[in-house]
Amino acid sequence: VEFSYPPLKRGEGHDSQSLPEEWKYLPFLALPDGAHNYQEDTVFFHLPPRCGDRTTVYGVSCYRQIEAKALKVRQADITRETVQKSVCVLSQLPLYGLLQAKLQLITHAYFEEKDFSQISILKELYDHMNSSLGSTLLEGSQVYLGLSPRDLVLHFRHKVLILFKLILLEKKVLFYISPVNRLVGALMTVLSLFPGMIEHGLTDCSQYRPRKSISEDAGLQENTPRLSDSVSAAETSNTNLGMGEGGRKMAGNHSVEGQKANVPFSQSEKTWNGAQSSNGTVQRLKVPSRTSPASSESDWETLDPSILEESNLKEGERENTASEQAENLASEGMSSESLPITVQPQANTGHTVLVPGLISGLEEDQYGMPLAIFTKGYLCLPYMALQQHHLLSDVAVRGFVAGATNILFRQQKHLSDAIVEIEDAHVQIHDPELRKILNPTTADLRFADYLVKHVTENRDDVFLDGTGWEGGDEWIRAQFSAYLHALLAAVLQPDNEKTLSDFGTAFVAAWKNTHNYRVWNSNKHPALAEVNSSHPFQGQYSVSDVKLRLSHSVQNSERGKKIGNVMASTSRNVVQTGKAVGQSVGGAFTSAKSAMSSWFSTFTQSTPSLGD
């Protein structure tokens, strides 16, 4: 880190290269593997909080390279023909696309100066972001800027639902592609399909510890002072922490060369968790305190609803912080007869009313969204540096959704449950049992086909491409929201075996064993009574379902892929001319016929089980 505004560590200068222990991987994240292969690119990443009771730090970094001879001022440390630097913003708000749009402009302007000592533009960016960005932006569509479910469905087609279910089951999912911008874009777009996940569901998603001895880390956790009004921010090169308008704080810009970067750090409010009221004062709700982010035992280890004994809280008691309630309730003992807390339905006022989840620590809506998936050691790391490789096998990490551009991650298949090859839209699931659990039901295939048809049929008709309703980004997110709400409502119904079978009996059974389900189920959500508790695409089996199943099997089986390859070679040969072509075409059709007959015989034998 060459420069940080404000300084990353209190009392040090802007040009200090020392890093907080929790952020030791910052340079490797801000200037990712393989950066030298691209003229410019952008990466999203997550850093752990500086103190155990604070939330995820969201990082956005833009890096570029320029020929050294083009520089007006060539500093002594520039010894190579090409210079790479990264300008990075660290923020309390998950405004990935919005930060990226602003940062790309500034990074371009910074490089156009051709003099990296001109850091005033980075300080101006810091001040501008603190004065213009606030938590109110999380309530609008700007939080999804740059995340396109439409493009995701066009690329992955029906497999999008498999990715959705993989994360619901809290499996170890690794996304892989290069360059890094395609990686983080696809991964975060999948997460945007979960209601409220981007806005409020990632506050606990990066609670990991850098590689060091446990005893050292425990000492660090106990001795780290808490900073009440100022928290340092990081830029990969130079960054300072200062006060912006309205009492908000944001760290500035950093530039990094080699393993260094420029990063502005943005903190939106005086305190880490909260919302700004209409009069400009900050009213933040505290997250339940944790003994240690990596501890295997915590106040919330048991998810028995009885830890929330007093379900009828008085209005005065509601003003207590979540942590105070947690301590009081946990100390009162556990009664098996006590009822889970009830989340009251909210009036439809045109905007979502959020309340703090006493177990999850997340801000939840009346349906219990976002689900507490990325909590308690389940990590979300849009980009992982090679230096973080040990996290994949860390006993304190129960699972992850992570992105990587280094092939070493992909080669070690035993460290993940599924590898998502974004380039080929291939989802590689290693465990046969897990593949069986995720095998889409007939109703699921109808749902996926419904999405694909609307996206492909409206591809050229949507006004301004993707901004229309049907087949557009918001529409797709609404479909997944309805799907998830229907699943939650179905779980609550008595005698629901037939209804749940449309979602997949084995899948629902596996999901009920997850942490996010137990947290959600420990509260009552009366608002779900108004939701249709059946699969959006339930119905009788028909001929069209056989076609859907056939299409799905062709795209996912090895024999199906061979058929596709044979047909492709046939079509290429038909276009050619000459005697050799006739022989080639004949051979290709013979090959296609034998492959098809062999595959279809296998399909007919397995059709009864697939249709169940």
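**Exercise 1. Find the volume of the largest cavity in this predicted model, then describe its lining.**

Solution.
- Step 1: The largest cavity has a volume of about 50 Å³.
- Step 2: A search of the whole structure gives three cavities of 30 Å³ or more.
- Step 3: List the lining. Glu364, Gly368, Pro370, Leu371, Ala372, Asn516, Val519, Trp520, Asn523 and His525 line the largest cavity.
- Step 4: Sort these residues by type. Five are nonpolar, four polar and one charged.
- Step 5: Assign the lining to elements. Helix 16 (residues 515-521) supplies the largest share, three residues.

**Exercise 2. Decide whether His485 is buried or exposed, and name its contacts.**

Solution.
- Step 1: Locate the residue. His485 sits in helix 13 (residues 473-492).
- Step 2: Read the relative accessible area of His485, which is 13%.
- Step 3: Buried means under 20%, so His485 is buried.
- Step 4: Set aside neighbours within four places in sequence. His485 then contacts Tyr367, Met369, Leu528 and Val531.

**Exercise 3. Classify the exposure of Lys172, and find what it touches far along the chain.**

Solution.
- Step 1: Lys172 lies in the loop between helix 5 (159-168) and strand 4 (173-176).
- Step 2: The relative accessible area of Lys172 is 24%. Partly exposed covers the range between 20% and 50%, so Lys172 is partly exposed.
- Step 3: Leave out residues up to four places away in sequence. Lys172 touches Leu392, Arg398, Gly399, Phe400, Leu415, Ser416, Asp417 and Ala418.
- Step 4: Take one of these partners, Leu415. Lys172 and Leu415 are 243 residues apart along the chain, yet their C-alpha atoms are separated by 7.8 Å.

Conventions
Residues numbered from 1 in each chain as written. Predicted model: local features only at pLDDT ≥ 70, side-chain atom pairs only at ≥ 80, totals over all residues. Heavy atoms only, no water. Helix = DSSP H or I, 4+ residues; strand = E, 2+ residues; numbered from the N terminus. Buried < 20%, exposed > 50% of the residue type's maximum accessible area, 1.4 Å probe, protein only. Contact = heavy atoms within 4.5 Å. 1 Å grid on protein atoms, 1.4 Å probe; cavity = no way out; pocket = protein on both sides within 12 Å on 5 of 7 lines; lining within 4 Å. Points joined across faces, edges and corners; volume = space filled by probe spheres on them. Nonpolar A, V, L, I, M, F, W, Y, C, P; charged D, E, K, R; others polar.
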